[in-house]
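User: I have a model open and should like to go through it with you. Could we begin with charged side chains?

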Amino acid sequence: SYINKADGSRDIKAIELDWSFADQLYFVHLNKKMDSKRGIKHYREQGLPDESSLRRLKELNDQFITASSKTSFDQLLNEHEALIASVINQQPVKDKLFSDFSLGATKSLGAWGGDFILATGDVRLPDYFKNRGYSTVIPFSDMVIKKPQN
């Protein structure tokens, strides 16, 4: 986890994500690179989020780590995506590009609207995205550092 503190310091902690549904999580590249500087500028132009939004985002982040099912994880992703959309005044990627996606949830990553998304679903998910021209679909397990087995 990563937290910027009010005094300018950072709190960084390694966490274990031992989800039973990890095999249903994928990173999908959206075939474009977003300009992170422009994304940050847009975010800053929106003004600071209100305290209740910040508090809820922190709660959601904590709940992601302890999610016990794909269903609850999907609900958390959907709420997080909607909250971020309202804070930065942007349309969620699922609404914009994948309105017919019914296998699970999607979550924008990085500069919103480009780079990668996190998508949840079953074994049909890679074909769903590949059939729409998104050929880079990477299983979550291929992108994380695995804890050494004892």
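User: Are K107 and E81 buried or exposed?

Analyst: K107 is buried, and E81 is buried as well; buried means under 20% relative accessible area, exposed over 50%, and partly exposed in between, with a 1.4 Å probe and protein chains only. This is a predicted model, in which local features need pLDDT of at least 70 and side-chain atom pairs count only at pLDDT 80 or more, while totals for chains, interfaces and linings use all residues. Residues are numbered from 1 along each chain as its sequence is written, and side-chain values use heavy atoms, with hydrogens and water left out.

User: What does K107 form with E81?

Analyst: K107 and E81 form a salt bridge, with the closest N and O atoms 3.1 Å apart. The term denotes a side-chain nitrogen of Lys or Arg within 4 Å of a carboxyl oxygen of Asp or Glu.

User: Which elements hold K107 and E81?

Analyst: K107 is in strand β4 and E81 in helix α3, so to speak of distant parts of the chain is apt: the two are 26 residues apart. Helices (H or I, at least four residues) and strands (E, at least two) are DSSP runs, numbered from the N terminus.

User: How many salt bridges does the structure hold?

Analyst: The structure holds 8 salt bridges. One of them is between E79 and R56, whose closest N and O atoms are 2.7 Å apart. Because E79 lies in helix α3 and R56 in helix α2 (residues 51-66), this pair ties together parts that are 23 residues apart in sequence.

User: How exposed are E79 and R56?

Analyst: E79 counts as partly exposed, at 33% relative accessibility. R56 also counts as partly exposed, at 22%.

User: And what about D122 and R124?

Analyst: Their side chains meet in a salt bridge, 2.6 Å from N to O. D122 is partly exposed, with a relative accessible area of 29%. Elsewhere, salt bridges that share partners join R56, E59 and E79 into one network.

User: Let us turn to α3. How many residues has it, and how far does it reach?

Analyst: Helix α3 covers residues 70-88, which is 19 residues, and reaches 26 Å from its first C-alpha to its last. That is close to the 27 Å expected at 1.5 Å a residue; the expected span is 1.5 Å times one less than the number of residues.

User: Which residues of α3 are buried?

Analyst: The buried residues of α3 include F73, L76, L77, H80, L83, I84, V87 and I88. K70, D74, E81 and A85 are buried too. As background, an α-helix has 3.6 residues a turn, so residues three or four places apart point the same way.

User: What follows α3?

Analyst: N89 follows α3, and its phi is positive, near 55°. N89 is a residue other than glycine. In general, most residues other than glycine have a negative phi. N89 lies in the loop between α3 and α4 (93-97) and counts as exposed, at 57% relative accessibility.

User: Now the sheet. What is the order of its strands?

Analyst: It is an open sheet of 4 strands in the order β4-β5-β3-β6, with antiparallel pairing; two strands pair if DSSP finds at least two bridges between them. The edge strands are β4 and β6 (137-139), each of which pairs on one side only.

User: Where does β5 pair, and with how many bridges?

Analyst: β5 pairs with strand β3 (residues 25-29) in the antiparallel sense over 5 bridges. Strand β4 (residues 106-108) is joined to β5 by 3 bridges, and these two strands also run antiparallel. On the β3 side, A119 in β5 is the bridge partner of Y26, and T120 in β5 stands opposite L25. On the β4 side, S108 stands opposite I117 in β5.

User: Why is β5 described as largely enclosed?

Analyst: Because 4 of the 5 residues of β5 (residues 116-120) are buried, the strand is largely enclosed by the rest of the structure.

User: Finally, how many helices and strands are there in the protein?

Analyst: The secondary structure comes to 5 helices and 6 strands. From the N terminus on, the elements run β-β-β-α-α-α-α-β-β-α-β. Buried residues make up 35% of the 150 residues in the protein.
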